[in-house]
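Trainee: I have a model open and want to read it properly. Can we go through it step by step?

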Amino acid sequence: MEALLATELRHEPDALVRHAVRANIRVSANQLRHGSEVLEQLIQKEGLLVVGAEYSLETGIVDFFDRMPEAG
């Protein structure tokens with residue numbers, strides 16, 4: 001949050017909240033990917049994906065934005 005407050009976002013509360021929420025999701029997903037030996041093994045050996053997503057209460061839309069695999 002401190003890094004975001006050091007940007008021009010500090011003048012745009014709605015944008016600041018959006019960016020802060022996304023930053024929190026990225027950190028949480030990364031912690032899940034690397035904070036558990038069991039999950040790390042499942043990711044490496046079984047292809048488990050841990051991805052960050054944001055759910056909108058207003059629209060019901062889920063926006064997957066963090067570490068989605070490339071379509072192939």
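Mentor: Start with a definition: helices and strands here are DSSP runs, of at least four residues for a helix and at least two for a strand, numbered from the N terminus. Keep in mind that this is a predicted model.

Trainee: In what order do the elements run from the N terminus on?

Mentor: The protein has three helices and two strands. The helices come before the strands in the chain. Read from the N terminus, the order is α-α-α-β-β.

Trainee: What is the radius of gyration, and how does it sit against the globule rule?

Mentor: For 72 residues the globule rule gives 11 Å. The protein is well over that, so it is more spread out than a compact globule. Its C-alpha trace spans about 45 × 30 × 25 Å along the principal axes. The radius of gyration is 15 Å.

Trainee: What share of the residues counts as buried?

Mentor: Buried means under 20% relative accessible area. Apply that to the 72 residues of the protein. The share is 17%.

Trainee: How many residues of helix α3 are buried?

Mentor: Helix α3 covers residues 37–46, which makes 10 residues. The helix lies largely in the open, because its count of buried residues is zero.

Trainee: Which residue follows α3, and what is its phi?

Mentor: The residue after α3 is a glycine. Its phi is positive. The answer is Gly 47, near 80°.

Trainee: How do β1 and β2 run, and how many bridges join them?

Mentor: β1 is 52–55 and β2 is 62–66. They run antiparallel. One bridge pairs Ala 53 with Phe 64 in β2. The number of bridges joining the strands is four.

Trainee: Which residue in the hairpin takes a positive phi?

Mentor: The hairpin has six residues between its strands. The phi in question is near 80°. The residue is Gly 60.

Trainee: Which side chain has a polar contact with that of Ser 56?

Mentor: Ser 56 lies in the loop between β1 and β2. A polar atom of its side chain is 3.3 Å from the backbone nitrogen of Glu 58. The side-chain to side-chain contact is 3.1 Å, and the partner is Thr 59.

Trainee: Is Leu 57 buried or exposed?

Mentor: Leu 57 is also placed in the loop between β1 and β2. Its relative accessible area is 72%. Exposed means over 50%, so Leu 57 is exposed.

Trainee: What is the area of the nonpolar surface patch that includes Leu 57?

Mentor: Leu 57 makes the patch together with Tyr 55, Val 62 and Phe 64. Phe 64 is also the bridge partner of Ala 53. The patch area is about 450 Å².

Note on methods
Residues are numbered from 1 along each chain as its sequence is written. This is a predicted model: local features need pLDDT of at least 70, side-chain atom pairs count only at pLDDT 80 or more; totals for chains, interfaces and linings use all residues. Side-chain values use heavy atoms; hydrogens and water are left out. A polar contact is a pair of N or O atoms within 3.5 Å; within protein, one must be able to donate a hydrogen and the other to accept it, and residues adjacent in sequence count only if both atoms are side-chain atoms. Buried means under 20% relative accessible area, exposed over 50%, partly exposed in between (1.4 Å probe, protein chains only). Patches are made of residues with over 30% relative accessible area and no salt bridge: like charges are joined within 9 Å, nonpolar side chains (Val, Leu, Ile, Met, Phe, Trp, Tyr) within 5 Å. Accessible areas come from the Shrake-Rupley method with a 1.4 Å probe; for residues, only the protein chains shown count as cover. A salt bridge is a side-chain nitrogen of Lys or Arg within 4 Å of a carboxyl oxygen of Asp or Glu. Two strands pair if DSSP finds at least two bridges between them. The radius of gyration is taken over C-alpha atoms; the globule rule is 2.2 Å times the number of residues to the power 0.38.
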